[in-house]
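The following paragraphs lead the reader through a protein model, passing from its overall make-up to a few selected details. Please keep the structure in view while reading.

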Amino acid sequence: MDSSKEIELLKKALERQKKARQQAEKILEQKSTELYETAQRLKEANGKLENLLTEKVSELDGVFVNIIDPYVVMDLQANVIKMNTSAKDFLGYDNTKEDVNLTGLVHKKYLQYTAESFKYLLEVGTLKNYRAKINVKNGDEKWIEINSSLIYNTKQEPIGAQGIIRDITQEMEIKELLAQQRKQLDVIVENSPLGIVLSVGGEIIKANTTFTELLGYSESELKTMKLDDFSKEEESSGSEDVVQQMQEGKTDKAVVIKRYFKKGGGCLVAKTSVSAVRGGDGKLKYLLAMIEDITREREAEERLRYEREKYANIIANMNLGLVEVDTDDVIQLVNQSFCNMSGFKEEELLGKKGTEMLRVQNKNVLEHEDEKRMRGEPDSYELEVIDKSGKKKHWLVSGAPRYDNNKKLIGSVGIHLDVTKQKLLELQKEQLVKELEQSNQGLQEYAHIVSHDLKSPLRSISALATWIQDDYKDVLDEAGQQNLTLMQEKVASMDKLIQGILEYSTANNSELDNSSVDLNEVVENIKESIFIPEHVSLVVPKVLPTIVADSTKMHQLFQNILSNAVVHIEKEVGLVEVLYVENTTHWQFSIKDNGVGIPKEYHKKIFEIFQSIGANERSTGIGLSIVKKIIDRYEGEVWVESEKDMGTEFHFTIKKEPTNLNS
């Protein structure tokens, strides 16, 4: 190719490059303009976004403050950064006034679970349905549920977490209660005294231990059987119709009487209470049967009927007034007997204060009893009231606190018995006792005076008889001397009788001088003072105890029995023994002799005054009656064991610590 052509080609190529460059510059200029315009638009958009972000942050702050549930923001160490009012109220803490770390609130049993949940939150970014128990500031334990999420910085790095707390304490308590109730129900079913069977279409799917024990089948054996295999209707109660009605939804409960056949033979008649168990759609799912021996139920019903009738008759025939008051003594309920006792009508009493309506005289007693009632203590006490007619009444009240279903004290209930007549009788009795004491005192003084007045002429008669016998011993014949001797004996007998009457009259009235009394010394003194025939021996085989008693009374007691014993022995060798045994409350003494004995018909009579056996001139018939009075005073008993010609045993007891010695 020649040079001119090459040049031409180069020019053309250069021209094309110039055009291309101009085109590129034009495009570049256009793109620059577009970039500038885009940058301006982005700048405007960023401004709008910043404004929008500010608005949203303000809105979020408003939402944060107004969230109903507790809302908390914390750092990754569980330190609270921010919390709304609900959170402050619920937890009891305020992060603006004190440092709050949420981990420190978690119950110790849930610390491990909390650590694992926080780890999951960091890995996943969200945590739902975290449930645990925490301790709030006032010490209460609360169940909470938290849904939370992580908070990130601009580099998408987690810097904290936020979460909403929901108080589920009541829900958890209900769940726990339901779980306990389920366990209790299982225990009740398994340990119920009634046989319980769950069936579907006549086939048994569950039976409790009581039912298996009733029939002798195991539960696995029952599950292979149908109810009709071992039971049939006992009475015409239409059990098949009942099942049909339950399937149709016409009834849910029924009671039928059926006969159940045991595995080992025999059968039982039982009342079967059938209940329908339905699903959510209302269709029959199961039949629940509760089986009870009809014999036990009928016996229980008969006993209950009898008890109801008995107590209804008792209440109907008892003059008992019933009244209920609240804690302010305002009457809430009265029965007719109380109205009759108080003289008021029911409408006059209801809503009124009891103490004001009845004008209680001994209000201090009522105030004391009200205090006890507030502490939940029942008690019985006596009230003096003025009824509607103005009469003073004495009521015996048995009061008890009254509670509502939440065991909160809401008042008291009282049963009132009108004891006005009894009270008047008591007052009359006290007056009679006082008059009797005065009378006894007078009689005692009279007995002393009479004994003195009677003994004085007796002594004169005795002296005159002695003088006559001495002065006229040479004049009087043998018959006269014998008559004077008999006169002396009669005077001595009369003197002894007067002394016995005096001792009998003072046996219960004289005040006792109690001290330690050695009964061995008492018996020895008696042996020296009474007449003991030569053929009779008075022995004490075992040393007698020393007791606390009145020495004079013990001397009277033993002497009267011993003196009777030693003079009524006709055998050649007479024996009188003094024995004793000790128990927890009494001393028991026995005086045995081998004398003539006492016929059974006289065993009680001999302890009555002026009663003696035979024609013994020495007996006044008073000694054993004195014995009875002394023993009564020492709260003991006296009795005799004897048969004619078989000897006699006198037994008597003396209380170690008598309570009415000087009464």
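Two strands are said to pair if DSSP finds at least two bridges between them. This definition will be needed for a hairpin discussed below. The structure shown is a predicted model.

The protein as a whole may be considered first. Its secondary structure comes to 18 helices and 23 strands. Of its 663 residues, 32% count as buried. Among contacts with a separation of 6 or more, 50% join residues that lie 24 or more positions apart.

One sheet deserves attention. Strands of a sheet pair through backbone hydrogen bonds, either parallel or antiparallel. Here 5 strands form an open sheet in the order 13-12-16-15-14, and the pairing is antiparallel. Strand 13 (331–334) and strand 14 (379–386) stand at the edges; each has a single partner strand, so one side of each is left without a neighbour in the sheet. From one strand to the next, the twist averages 30°.

At one edge, strand 14 is joined by 8 bridges to strand 15 (residues 392–403), and the two run antiparallel. In this pairing, Glu-382 stands opposite Leu-396 in strand 15. Helix 13 (residues 363–374) lies across strand 14, strand 15 and strand 16 (409–418), and runs at about 145° to strand 14.

At the other edge, strand 12 (residues 320–326) pairs with strand 13 in the antiparallel sense over 3 bridges. Glu-324 stands opposite Leu-333 in strand 13. These two strands form a hairpin with 4 residues between them, where Asp-329 takes a positive phi near 70°. Most residues other than glycine have a negative phi. Asp-329 has its positive value although it is not a glycine. Asp-645 also has a positive phi, near 65°, and is likewise a residue other than glycine. Asp-645 lies in the loop between strand 22 (638–642) and strand 23 (648–655). At 51% relative accessibility, Asp-645 counts as exposed, because the cut-off for that class is over 50%.

A helix may now be examined. Helix 3 (residues 111–124) has 14 residues, which at 1.5 Å a residue should span 20 Å; its end C-alpha atoms are 20 Å apart, in agreement with this. Which residues of helix 3 are buried? They are Thr-114, Ser-117 and Leu-121. Seen down the axis of helix 3, these residues fall within an arc of 65°, so they line one face of the helix. The general geometry helps here: an α-helix has 3.6 residues a turn, so residues three or four places apart point the same way. The buried residues of helix 3 pack against strand 3 (126–135), strand 4 (141–152) and strand 5 (158–167). The face turned away from the buried side carries the exposed residues Gln-112, Lys-119 and Glu-123. After helix 3 comes Gly-125, whose phi is positive, near 100°.

Finally, a single residue may be followed through its surroundings. Ser-231 has its place in strand 8 (residues 231–233). Its relative accessible area is 4%, and Ser-231 is therefore buried, since the cut-off is under 20%. The side chain of Ser-231 reaches the backbone oxygen of Leu-227 at 2.6 Å. That side chain also makes a polar contact with the side chain of Lys-258 (3.3 Å). Leaving aside residues up to four places away in sequence, Ser-231 touches Lys-258, Arg-259, Tyr-260 and Phe-261.

Key
Residues are numbered from 1 along each chain as its sequence is written. This is a predicted model: local features need pLDDT of at least 70, side-chain atom pairs count only at pLDDT 80 or more; totals for chains, interfaces and linings use all residues. Side-chain values use heavy atoms; hydrogens and water are left out. Axes are lines fitted to C-alpha atoms, for helices over the stretch in contact, and angles run from 0 to 180 degrees between N-to-C directions. Contact means heavy atoms within 4.5 Å. The expected span of a helix is 1.5 Å times one less than its number of residues. Buried means under 20% relative accessible area, exposed over 50%, partly exposed in between (1.4 Å probe, protein chains only). The arc is that of the directions from the helix axis to the C-beta atoms. A polar contact is a pair of N or O atoms within 3.5 Å; within protein, one must be able to donate a hydrogen and the other to accept it, and residues adjacent in sequence count only if both atoms are side-chain atoms.
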